[in-house]
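Here are a few short exercises on side-chain contacts, each with a worked solution. Have the viewer open and try each task before reading on.

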Amino acid sequence: MDSVHSHRAFANVLGGLDYPLLADFHPKGEATKQYSLWRDDKGYSRRAIIIVDGDGIVRQSYIIEKGPPDVEAVLSAVKEIV
């Protein structure tokens, strides 16, 4: 549910990305709800990374319970489908 600006900063930390990141900022949480990540009781989503291929098929998903994501694992998963 991060904004486009937040995703741009994340991509810059990684040295830039050659693929788009979904910013589910507005309307608030619509895609998040479709992936069953929305927390009605909290009013925000669980932290997750969902990797979707060019055909729209979810190839990997990571729920992030605490701390930063495992960037190497995510990049490795992306490289497998690119």
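**Exercise 1.** Which residue forms a salt bridge with Asp53?

*Solution.* This is a predicted model, where local features need pLDDT of at least 70, side-chain atom pairs count only at pLDDT 80 or more, and totals for chains, interfaces and linings use all residues. Residues are numbered from 1 along each chain as its sequence is written, and side-chain values use heavy atoms, leaving out hydrogens and water.

Step 1: apply the criterion, a side-chain nitrogen of Lys or Arg within 4 Å of a carboxyl oxygen of Asp or Glu. Step 2: the partner is Arg59, with the closest N and O atoms 2.7 Å apart. Step 3: check accessibility, where buried means under 20% relative accessible area, exposed over 50% and partly exposed in between (1.4 Å probe, protein chains only). Asp53 is buried at 12%, while Arg59 is partly exposed at 44%.

**Exercise 2.** Find the salt bridge partner of Glu65 and place both residues in the chain.

*Solution.* Step 1: Glu65 pairs with Arg46, their closest N and O atoms lying 2.5 Å apart. Step 2: this pair links distant parts of the chain, 19 residues apart, with Glu65 in the loop between β4 and α3 and Arg46 in the loop between β2 and β3. Here helices (H or I, at least four residues) and strands (E, at least two) are DSSP runs, numbered from the N terminus. Step 3: Glu65 is exposed at 63%; Arg46 is partly exposed at 32%.

**Exercise 3.** Describe the salt bridge of Lys33.

*Solution.* Step 1: the side chain of Lys33 meets that of Glu30 at 3.9 Å, N to O. Step 2: both lie in helix α2, three residues apart, about one turn of the helix.
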